[in-house]
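Hello,

Here is the structure we spoke about. Please open it and keep it beside you as you read.

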Amino acid sequence: MATRVRRTTLTLPTAPLGPDNPLPALRGGQDVHRIEIPRDAGLPADMARQIGRAPLRSILPTRMRDGYGRTRRAVDHEALVIENDRLRATVLPGLGGRVHSLHHKPTGRELLYRNPVCQPAAFALNGAWFSGGIEWNIGATGHTTLSCAPLHAARVPAPDGGEMLRLWEWERLRDLPFQVDLWLPDGSDFLHVGVRIRNPHHRTVPVYWWSNTAVPEGERTRVLAPADEAWHFGYERSLRRVPVPDADGVDRTYPLRSEFPADYFYEVPDGARRWIASLDADGRGLVQTSTDTLRGRKLFLWGAGRGGRRWQQWLTEPGTGGYAEIQAGLARTQLEHVPLDAGGEFTWLEAYGPLAADPATVHGADWGAAREEAAARLQAALPRADVDAAYEAWLPCADQEPKESLATGSGWGALESARAGLDLPGTPFSAATLGAEQEPWLTLLRTGELPAERPVPGAALVAPAWRDLLESARSGPATDYHLGLAQWHAGDRAQAVRSWERALGHGAGALPLYCLAVAESVAGETGRAADRYREACDEAARAAAEGGPPAGDWRPVLPALAREAVPALLAAGRTDEAADLLTDLPWADPADGRFRLLTAQVLLAQGRPAAAREIFDAGFEIAVLREGDEVLADTWYAIAERLVAGDGPVTEQVRARARAEHPLPERYDYRMRPV
């Protein structure tokens with residue numbers, strides 16, 4: 001059978017994404033990957049440098065994707081299939097180019113964890129993400145902002161003369177174009193993936209890349225890699241070197257033998273072949289290998305504890321099997337960013353396929369023998385020299401122009417091409433992809449001015465080149481508002497505040513008021529932040545009440561503002577104002593668990609813990625609960641402590657009694673670290 005690429009449709013129960021958050025993402029949410037490194041950690045010098053390199057201050061220019069819920073319905077997703085007589089790979093170009101399935105025909109085995117549903121959850125840097133398959137993570141530490149976004153896709157000639165599927169897009173956090181080429185050599189049991197990241201700028205750029213593969217977990221599933229040590233990162237936010245396979249008396253290469261979720265970044269020796277495999281009780285499973293540029297290998301496990309199992313249920317259908325992830329990246333750990341010089345590029349080749357090894361050796365007590373068995377079977381199935389040769393054969397094809405468009409991504413690459421006159425062979429960003437989001441910025445590019453209207457919720461640009469254009473433009477409501485965003489993104493917060501205050505002087509309305517509220521909050525000015533939030537809420541309500549375009553854009557702004565204003569008012573001790581804001585809030589979805597939680601927190605602050613507890617007892621869900629967020633447990637125990645203490649102080653004895661008498665219900669337990 002000749003290798004071919006074809007279109008199809010994949011129907012999955014799906015929770016629709018809904019609208020993006022209308023407020024600018026000045027704060028990227030909780031950073032679960034923040035770490036505290038002990039002085040005696042003994043980090044390699046390059047690792048220490050790269051961990052501290054160019055951390056994100058926010059997720060600008062992207063927006064938070066938090067408009068989804070948990071009501072699923074059957075949705076037809078556009079899918080692209082790459083197939084030969086051995087393998088069938090199914091790719092979802094509209095969902096980050098995710099490889100949803102990798103089916104091995106001779107054995108009838110699905111090699112990946114294939115999620116039976118598409119349920120967004122707040123794991124991506126900008127919120128919405130879903131589990132399963134193979135995902136391509138670029139940008140900064142975490143799951144990419146493109147997790148649930150469309151990529152460009154096209155049919156391209158493959159190195160062996162067959163067909164290849166190309167995916168590409170413009171990544172906005174670092175302003176970098178990238179491409180992923182997938183093909184199946186004739187008769188091969190391995191999906192080949194060529195990746196290229198280019199830096200078209202005149203400055204060095206920090207780069208992050210991890211290919212994450214979800215694999216089925218089981219009591220006798222073991223993950224193998226060519227390493228005797230690993231860097232352990234847990235949600236306690238610490239990084240330490242541990243032995244492999246046994247750490248703290250437990251064999252951590254079996255995902256279900258750990259209690260809490262954790263990352264194990266394997267220390268693969270220089271010169272060793274780069275690979276990682278997940279094999280079941282029979283010694284069968286998936287192996288991933290690559291050329292040496294993709295140096296890092298990692299196991300992510302959910303563990304067998306209650307919090308990890310709860311998250312697994314949250315991400316899929318109840319009763320389905322769980323998964324672990326085997327991953328590969330540019331650096332040792334996902335906490336690092338690798339510098340890419342001006343005009344440079346990173347390229348490498350990955351391969352994914354089945355592996356069968358002797359189960360007695362794989363699961364034996366001799367770790368060295370187990371990994372050597374897997375390595376020998378990999379060498380027999382796909383020699384290291386063949387991977388290197390496939391990479392060399394692919395490189396000349398990376399610039400091949402697409403033959404036939406199969407899917408369309410965003411217009412941001414086309415806008416950057418228009419601004420900088422970029423020449424990016426192989427990944428064309430056509431002017432035909434420019435749309436409404438890019439239109440105001442095209443006006444700035446062509447005329448030197450943004451449209452003069454008040455700023456409305458929508459896209460922003462914050463890169464240095466766009467900041468220069470905004471600084472040269474005439475002062476006005478939209479210009480000053482967007483200039484403030486660019487200055488905030490660059491860390492120039494005093495200038496950002498001045499720009500937003502100028503925007504207010506031009507009558508810019510709720511958006512710069514919100515930005516000033518965040519700035520006051522970050523500066524520790526609790527009372528002034530509360531004032532700004534109330535002003536922003538009042539202004540948004542007025543704008544929405546005016547009716548007619550663009551007033552319709554303001555209806556979702558007030559609920560989004562209230563979700564931040566209520567905690568700010570509580571922090572300022574203005575409990576009754578917070579209660580009134582929630583009571584009078586129009587357009588809020590009564591099923592949105594975020595408002596149920598806020599109501600419980602207000603009731604607790606008012607000295608009404610029994611009423612707050614009733615909300616928890618009645619039950620609610622927060623569809624957009626973020627990875628690592630412990631707000632549900634914290635609020636539950638704060639209520640319990642007040643119920644036990646009454647009007648008295650909350651002592652350590654009270655806390656212990658509260659935990660004993662009011663255990664956290666399973667439905668609210670998403671804790672990913674020891675208490």
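Below are notes on two buried residues, the nonpolar cores and one pocket.

This is a predicted model: local features need pLDDT of at least 70, side-chain atom pairs count only at pLDDT 80 or more, and totals for chains, interfaces and linings use all residues. Residues are numbered from 1 along each chain as its sequence is written, and side-chain values use heavy atoms, with hydrogens and water left out.

Start with His 363. It sits in the loop between α3 (359–362) and α4 (367–381). Helices are DSSP runs of H or I with at least four residues, strands are runs of E with at least two, and both are numbered from the N terminus. His 363 counts as buried because its relative accessibility is 12%. Buried means under 20% relative accessible area, exposed over 50%, and partly exposed in between (1.4 Å probe, protein chains only).

Its side chain makes a polar contact with the side chain of Tyr 254, at 2.8 Å. A polar contact is a pair of N or O atoms within 3.5 Å; within protein, one must be able to donate a hydrogen and the other to accept it, and residues adjacent in sequence count only if both atoms are side-chain atoms. His 363 and Tyr 254 are 109 residues apart in sequence, yet 9.7 Å apart in space, C-alpha to C-alpha. A polar atom of the His 363 side chain also lies 3.4 Å from the backbone oxygen of Arg 220.

Next, Thr 144. It lies in the loop between β8 (134–138) and β9 (152–157). Thr 144 is buried, because its relative accessible area is 4%. Its side chain reaches the backbone nitrogen of Leu 146 at 3.1 Å. Leaving aside neighbours within four places in sequence, Thr 144 is in contact (heavy atoms within 4.5 Å) with Ala 124, Asn 126, Trp 136, Asn 137 and Ile 138.

Trp 136 turns up again in the largest nonpolar core, which has 86 residues. Such a core is a set of buried Ala, Val, Leu, Ile, Met, Phe, Trp, Tyr and Cys residues joined through side-chain atoms within 4.5 Å. Trp 136 is among the members that touch the most others. Strand β26 (residues 345–356) gives the most to this core, with six residues. A second, separate core has 47 residues, including Tyr 481 and Trp 488.

Last, the second largest pocket: about 970 Å³ of space lies in it. On a 1 Å grid over the protein atoms alone, a pocket is an open set of points where a 1.4 Å probe fits, with protein on both sides within 12 Å along at least five of seven lines; lining residues have an atom within 4 Å of a point. Grid points are joined across faces, edges and corners, and the volume is the space filled by probe spheres set on the points. Of its 42 lining residues, those closest to the centre are Asp 20, Asn 21, Pro 22, Arg 63 and Pro 556.

Best wishes
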